[in-house]
Amino acid sequence: MGIVLKQSLNNTLTTYLGFGIGAVNTLFLYTRFLTDEYYGLVGVILSTSAILMPLLAFGVPNTLVKYYSSFITNKDTEGFLTLMLLLPLALLIPIAVISYLAHDLIAGFLAHRNPIVEDYVWYIFLIGMAMAYFEVFYAWAKVQMKSVFGNFLKEIFVRLGVMVLLVLVYFEVISVGVFLKALVGLYLLRTLLMKWYAHRLQPIRLQFAFPKTIRPILNYSTLIILGGSTAVVLLEVDRFMINQFIRIENVAYYSVAIYIATVIAVPSRAMHQITYPITAQLLNEGKDTALKQLYQKSSLTLFIISGLLFLLILVNLHDLYSFVPEAYRGGFLVVLLIGLAKVFDALLGNNNSILFNSDHYRAVLVMGIFLAALTILLNLWLIPLYGMEGAAMATFMAIATYNLIKLVYVKMKFNIQPFTWATLKVLALLLLVGLPFYWLPLSLHPLLNIAVKCLLMGLIYVALLYRFRISEDVDGVVSKFLGK
């Protein structure tokens, strides 16, 4: 896993820097520089845009990764890339026309419970479009095994821009209305920068002689829309539906809790940037043994990291919440449930990459449609009863069900599964280290409490991992560090 580990570490550092900036924005700047209502509005705009993104992208990011390595001649490659550039327009243009003609109807639906959303329909469309083409050009770079710059744009660029804009709002240099317009501009600029970088790696030359395999490519892209939509629905529909049932301020409170829990997913996001194209290549070349090794190693490494992060968040959650206004402090159950869901995701390693790059993607898409519907139904049931805690319950139940089905399906079709004896050892180690620290009383300043617990837990955890040689990747990193 040399190239995987190297780029994953680079991506992890970049992603954590972005999450650090995002944490400042989420926990301090948004909560103090915007009202609860406007912070909730930002959450609704971004979540709805994310839900729209897979539809506007027309499945191209996944399709590009799956098929790119199968072309040999430059002519076929350029024809394929031209098709990937044009394909999103097949849905983007009709949706833009519908949004224009049915603006009032769409605005009325989105603003049914919270009228403030009514004036921002076009903001949602423009950000969704920018997200879609960003992912297209990002996939263009990833198939060249170059994911770090795109990861920087994805994780740091917009968050840093938002930080600057929030400071300008605080000093009354710009209004909240200008802030929201500038937010749209940041996403559009990010897409243009990604396009420039992708062009440097693989020059964009329009070639309208499309490859002979265009029919299966189009079929895959059409079906993968459903797969991408399912993943986004599982992650984003909760905030969208909170806006439909309860006051928009709850989106702000929920966003803070979700952001804390989402830190657990950072290593997974970083590793998947590089394992996705490698998995596609292994499947195309029929290297079953290497695929199994990648599956198990990615699962173990991600479980080791995400499990520790989950424990660190839980033992420090009370101190973390002391830094935000009182109204934002009621999300313990949300953090717990979403955190568990993220750890379960990590346990599956590159499971998604295997499924969506194989010939079995159609069956998975059918499951995904069912589970997207299940997620919506659970939210319809639980949000009116339990508010934002109900949204977290619905998300956890849906993700757990979806992951179990994918786990069983890969075992049935490929006869591989991600778990080894090392997985059980890591679970035992997490319990051994986590339980004492959860009940450890410290009466220092909250920042010192967090620092002391993180330092002690991290050192003990890594030392025990190294002592018992549980993971080759961890051993390699620690040995290299000790050697220096």
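**Notes on a predicted all-chain model**

1. Let me start with contacts: in the protein chain, 83% of those with a separation of 6 or more join residues 24 or more positions apart. Please keep in mind as you read on that this is a predicted model.

2. On the overall fold, the protein chain has 20 helices and 0 strands. Its radius of gyration is 22 Å, close to the 23 Å that the globule rule gives for 484 residues, so the chain is as compact as a globular protein of that length. If you are setting up a box, the C-alpha trace spans about 70 × 55 × 45 Å along its principal axes.

3. Now for burial and surface. Of the 484 residues in the protein chain, 55% are buried. The chain exposes about 21200 Å², and carbon and sulfur atoms supply 69% of that area.

4. A word on charge: the protein chain carries 34 positive and 23 negative side chains. The centres of these two sets lie 10 Å apart.

5. The largest nonpolar core holds 154 residues, and the members that touch the most others are Leu64, Phe80, Phe179, Tyr254, Val426 and Tyr461. Helix α7 (residues 121–142) gives the most to this core, with 16 residues. As background, nonpolar side chains tend to be buried together in soluble globular proteins.

6. Which residues does Phe179 touch, leaving aside those up to four places away in sequence? The partners are Tyr30, Leu34, Val42, Val162, Leu165, Leu166, Val169 and Ile174. Phe179 is also one of the core members named above as touching the most others, so you may like to have it on screen while reading this point.

7. Phe356 is worth a look too. This residue lies in helix α15 (residues 351–356). Is Phe356 buried or exposed? Its relative accessibility is 9%, under the 20% cut-off, so Phe356 counts as buried. The C-alpha atoms of Phe356 and Tyr220 are separated by 9.4 Å, although the two residues are 136 apart along the chain.

8. Two backbone details are for your checklist. Glu172 is not a glycine, yet it has a positive phi of about 60°. Glu172 sits in the loop between α8 (148–170) and α9 (176–201), and it counts as exposed because its relative accessibility is 72%, with the cut-off for exposed being over 50%.

9. The second of these is Asn415, another residue other than glycine with a positive phi, here near 55°. Asn415 is found in the loop between α17 (388–414) and α18 (421–438). With a relative accessible area of 56%, Asn415 is exposed.

Key. Residues are numbered from 1 along each chain as its sequence is written. This is a predicted model: local features need pLDDT of at least 70, side-chain atom pairs count only at pLDDT 80 or more; totals for chains, interfaces and linings use all residues. Side-chain values use heavy atoms; hydrogens and water are left out. Helices (H or I, at least four residues) and strands (E, at least two) are DSSP runs, numbered from the N terminus. Buried means under 20% relative accessible area, exposed over 50%, partly exposed in between (1.4 Å probe, protein chains only). The radius of gyration is taken over C-alpha atoms; the globule rule is 2.2 Å times the number of residues to the power 0.38. Contact means heavy atoms within 4.5 Å. Accessible areas come from the Shrake-Rupley method with a 1.4 Å probe; for residues, only the protein chains shown count as cover. Lys and Arg count as positive and Asp and Glu as negative; His and the chain ends are not counted. The place of a charge is taken as NZ of Lys, CZ of Arg, CG of Asp or CD of Glu. A nonpolar core is a set of buried Ala, Val, Leu, Ile, Met, Phe, Trp, Tyr and Cys residues joined through side-chain atoms within 4.5 Å.
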